[in-house]
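Here are my notes on the structure below, set out as numbered points that can be read alongside the coordinates.

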Amino acid sequence: MLSAIMRGAAAGAAGTTALQAATYLDMVLRGRPASSTPERTVEKLSEKTGTSIPGDEDKQESRKSGLGAMLGMVTGTTVGVGYGVLRELGWRPPRLAGGTVAGIAAMIGSSAPMTVLGITDPRTWGVSDWLSDVVPHLAYGFVAAATYEATEHRRRRWRLRWRFGR
């Protein structure tokens with residue numbers, strides 16, 4: 001199980017990189033600004049927990065930006081771990097279905113806390129907003145699923161070589 005967790009974490013990290021690349025490409029192509037929702041999430045969590053973000057205003061903004069990005073990385077890695085655990089427990093969907101499920105899980109994992117905190121409301125999103133969220137999360141899911149599957153095959157081949165002396 002530990003191997004599945006570690007491979008899931010690596011797949012989640014690879015998926016997170018794909019999500020970020022798709023997001024930045026969208027920003028380049030459409031000339032849109034970066035989303036402020038990660039920073040607002042950090043701000044709201046700070047308020048809710050009674051924890052202050054140290055430093056002057058500039059340092060606080062930098063810390064919010066860094067913490068917001070880290071929240072996304074934690075979400076992506078956690079979803080990857082969940083994907084690995086499910087695979088270890090016998091879930092074997094086709095890559096397209098597995099990638100779609102992983103992408104949707106990552107999307108829910110990032111949007112649900114922001115929705116609960118009142119930072120965003122997906123019910124009010126337009127088509128452009130949905131595409132800006134769905135496409136990068138599907139990139140996450142497909143890359144995470146493919147990465148995990150690639151580590152599974154190598155591991156299986158290595159085991160066969162080890163067992164048969166090749």
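1. I begin with the transmembrane annotation, keeping in mind that this is a predicted model. Over residues 67–86 the chain is 100% helix and 0% strand, and the C-alpha atoms at the two ends of that span lie 28 Å apart. The span is one of those that UniProt, in an unreviewed entry, lists as "transmembrane region", and residues 98–119 are listed there as well. For residues 98–119 the model gives 86% helix and 0% strand, with the end C-alpha atoms 29 Å apart.

2. Val 74 is a useful place to look at how these parts of the chain are arranged. This residue is found in helix 3, which runs over residues 57–88. Its C-alpha atom is separated by 9.9 Å from that of Gly 109, although the two residues are 35 apart along the chain. Val 74 counts as exposed because its relative accessibility is 52%, and the cut-off for that class is over 50%.

3. Helix 2 can be checked by its length. With 13 residues, 37–49, at 1.5 Å a residue, helix 2 should span 18 Å, and its end C-alpha atoms are indeed 18 Å apart, so the expected and modelled values agree. Just after this helix, Gly 50 takes a positive phi of about 70°.

4. Which residues of helix 2 are buried? They are Thr 37, Thr 41, Val 42 and Ser 46, and the buried residues of this helix pack against helix 3 (57–88) and helix 4 (95–116).

5. A search of the whole structure finds eight salt bridges, and some of them deserve individual comment. Asp 26 pairs with Arg 32, the closest N and O atoms being 2.5 Å apart, and Asp 26, Arg 30 and Arg 32 are linked in a network of salt bridges. Asp 26 is classed as buried because its relative accessible area is 16%, where the class requires a value under 20%.

6. Arg 95 and Glu 149 form another salt bridge, in which the closest N and O atoms are 2.6 Å apart. This pair links distant parts of the chain, since Arg 95 belongs to helix 4 and Glu 149 to helix 5 (residues 127–164), with their positions 54 residues apart in numbering. The partners fall into separate accessibility classes: Arg 95, at 45% relative accessibility, counts as partly exposed, whereas Glu 149, at 14%, counts as buried.

7. The side chains of Asp 121 and Arg 123 also meet in a salt bridge, at 3.0 Å from N to O. Here Asp 121 is partly exposed, with a relative accessible area of 24%, while Arg 123 is exposed, with a relative accessible area of 75%.

8. Finally, I would draw attention to a nonpolar patch on the surface, of about 310 Å², which is made by Met 1, Leu 86 and Leu 89. Met 1 lies in the segment before helix 1 (2–30), and this residue counts as partly exposed because its relative accessibility is 47%. Leu 86, another member of the patch, is also the last residue of the annotated span 67–86, so a reader who inspects the patch alongside that annotation should recall that the UniProt positions may be inferred rather than shown by experiment.

Note on methods. Residues numbered from 1 in each chain as written. Predicted model: local features only at pLDDT ≥ 70, side-chain atom pairs only at ≥ 80, totals over all residues. Heavy atoms only, no water. Helix = DSSP H or I, 4+ residues; strand = E, 2+ residues; numbered from the N terminus. Patch = residues over 30% accessible without salt bridge, like charges linked within 9 Å, V, L, I, M, F, W, Y side chains within 5 Å. Areas by Shrake-Rupley, 256 points an atom, 1.4 Å probe, with all protein chains shown as cover. Salt bridge = Lys/Arg side-chain N within 4 Å of Asp/Glu carboxyl O. Buried < 20%, exposed > 50% of the residue type's maximum accessible area, 1.4 Å probe, protein only. Expected span 1.5 Å × (residues − 1). Contact = heavy atoms within 4.5 Å.
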